[in-house]
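Here's a quick walk through one chain, starting from a pair of strands and working outwards. Have the viewer open and follow along.

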Amino acid sequence: MKSLPSALATHIASRSTTLAAALRITRTDGQVFGFTSHDQDARIGGVPYLANPGLQITDIVIAANGAVGNLELTTLHDGSVFTLADVLGGKWRNAAFLIFRYNWQSPGDGIDILLAGTVGEFQLLQNTIIAELRDLRQYLQQGIGDASSKNCRARLGDARCRKALGGFTYRGAITGVSSGSVFSASDRTEPSGWFDEGQITFNSGANIGFVAKIKVFSGGSFTLTQATPVPLAIGDTYTAIAGCRKRFTEDCQAKFDNVLNFVGEPHRKGLNDLTKPAAAA
């Protein structure tokens, strides 16, 4: 059973309430943002809750079963909080949110938590931004365990892969720009395909902090899987990590010398091998 702070419970029991809803979002980089449905700003638990920029949240629906409760948050696309660069750069991805009620006449009475979870997908419209809010039951929908596969299921450098990336991390500067997703760096002498499926982070310029996946690398030219939020410029610096296509021989053995930590079954028999007729001796 939910227990409320005594002061807030007494206020709700009076049936003459001055309640408002509030939303707190904590990004993975530690920044905290607070918003309130009331027309005046509030400070609760040391966090300021702003009456602007005019957020709208759909009704909260909580099912008795294990179904995930999803909400939508809509705000003006004015660049005051949800900037285009931050949204496309992934800074809001998997941010934690908390929705609660409070007494706006006496914020110190405590809060009544309504829903908690993480921020999901964003929709970028002409004048508005819509964010999906997923409650904590989203984690119950995740698969547990691994499926068998011939390719590696680990991510390069993670706890299962264990490969130190110091020798496969490269820094440089952009020397030519073709488009928002294609640029060149004349100081790159690595062979074609070296950065395919790798990761790049921009360290300076208008896209500082933006992380993208590298689709193709050839002759000093990078092609990203998505365009950067802001046009690239000559002189922008970056950090690139060599790509791993998760193949046993070509990547784990020949490129990274990490066979003992390969998380896959490269020699597993396929369905055709298991079901084919026996050969005569």
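Strands β13 and β16 (residues 237–241) run antiparallel and are joined by 4 bridges. One spot to click on is Phe 202, whose bridge partner in β16 is Tyr 238. Keep in mind that this is a predicted model.

That pair belongs to something wider: an open sheet of 7 strands, paired antiparallel, in the order β10-β16-β13-β14-β15-β12-β11. Which strands sit at the edges? They are β10 (169–173) and β11 (176–177), each of which pairs on one side only. As a general reminder, the strands of a sheet pair through backbone hydrogen bonds, in either a parallel or an antiparallel sense.

Here are three of the pairings in that sheet, side by side.

| Strand pair | Sense | Bridges |
|---|---|---|
| β13 and β16 | antiparallel | 4 bridges |
| β14 and β15 | antiparallel | 4 bridges |
| β12 and β15 | antiparallel | 3 bridges |

Strand β15 turns up twice there, so to speak, and deserves a look of its own. It covers residues 221–224, and its side chains alternate. Which of them are buried? Phe 222 and Leu 224 are, and they point to one face, while Ser 221 and Thr 223 point to the other face and are not buried.

Now for the neighbours of β15. With β12 (residues 182–184) the pairing is antiparallel, and Ser 184 has Ser 221 as its bridge partner in β15. With β14 (residues 211–218) the pairing is antiparallel as well, and here Ile 214 stands opposite Leu 224. Leu 224 is thus a handy residue to select: it is buried, and it faces Ile 214 across the strands. β14 and β15 form a hairpin with 2 residues between the strands, where Gly 219 takes a positive phi near 55°.

Moving to the loops, Gly 209 is found between β13 (199–202) and β14. Is Gly 209 buried, partly exposed or exposed? Its relative accessible area is 36%, so it counts as partly exposed, since that category lies between the 20% and 50% cut-offs. Beyond its neighbours within four places in sequence, Gly 209 is in contact with Thr 201 and Phe 202. Phe 202 is the residue bridged to Tyr 238, which brings us back to where we started. Val 182 is 27 residues from Gly 209 in sequence, and their C-alpha atoms are 18 Å apart.

Another loop, between β9 (128–135) and β10, holds Ser 149. Leaving out neighbours within four places in sequence, Ser 149 is in contact with Gly 264, Glu 265 and Arg 268. Ser 149 and Thr 249 are 100 residues apart in sequence, with 15 Å between their C-alpha atoms.

Zooming out, the chain has 4 helices and 16 strands. How does its radius of gyration look? The chain has 25 Å, whereas a compact globule of 281 residues would be near 19 Å. The C-alpha atoms fill a box of roughly 85 × 60 × 35 Å along the principal axes. Buried residues make up 36% of the chain. Of the contacts between residues at least 6 apart in sequence, 58% join residues at least 24 apart.

As for the surface, the accessible area is about 16,100 Å², with 52% belonging to carbon and sulfur atoms. On the charge side, there are 27 positive and 24 negative side chains, and the centres of the two sets lie 7 Å apart.

Technical notes. Residues numbered from 1 in each chain as written. Predicted model: local features only at pLDDT ≥ 70, side-chain atom pairs only at ≥ 80, totals over all residues. Heavy atoms only, no water. Rg over C-alpha atoms; globule rule 2.2 N^0.38 Å. Buried < 20%, exposed > 50% of the residue type's maximum accessible area, 1.4 Å probe, protein only. Contact = heavy atoms within 4.5 Å. Areas by Shrake-Rupley, 256 points an atom, 1.4 Å probe, with all protein chains shown as cover. Lys, Arg positive; Asp, Glu negative; His and termini not counted. Charge placed at Lys NZ, Arg CZ, Asp CG, Glu CD. Pairing = 2+ DSSP bridges.
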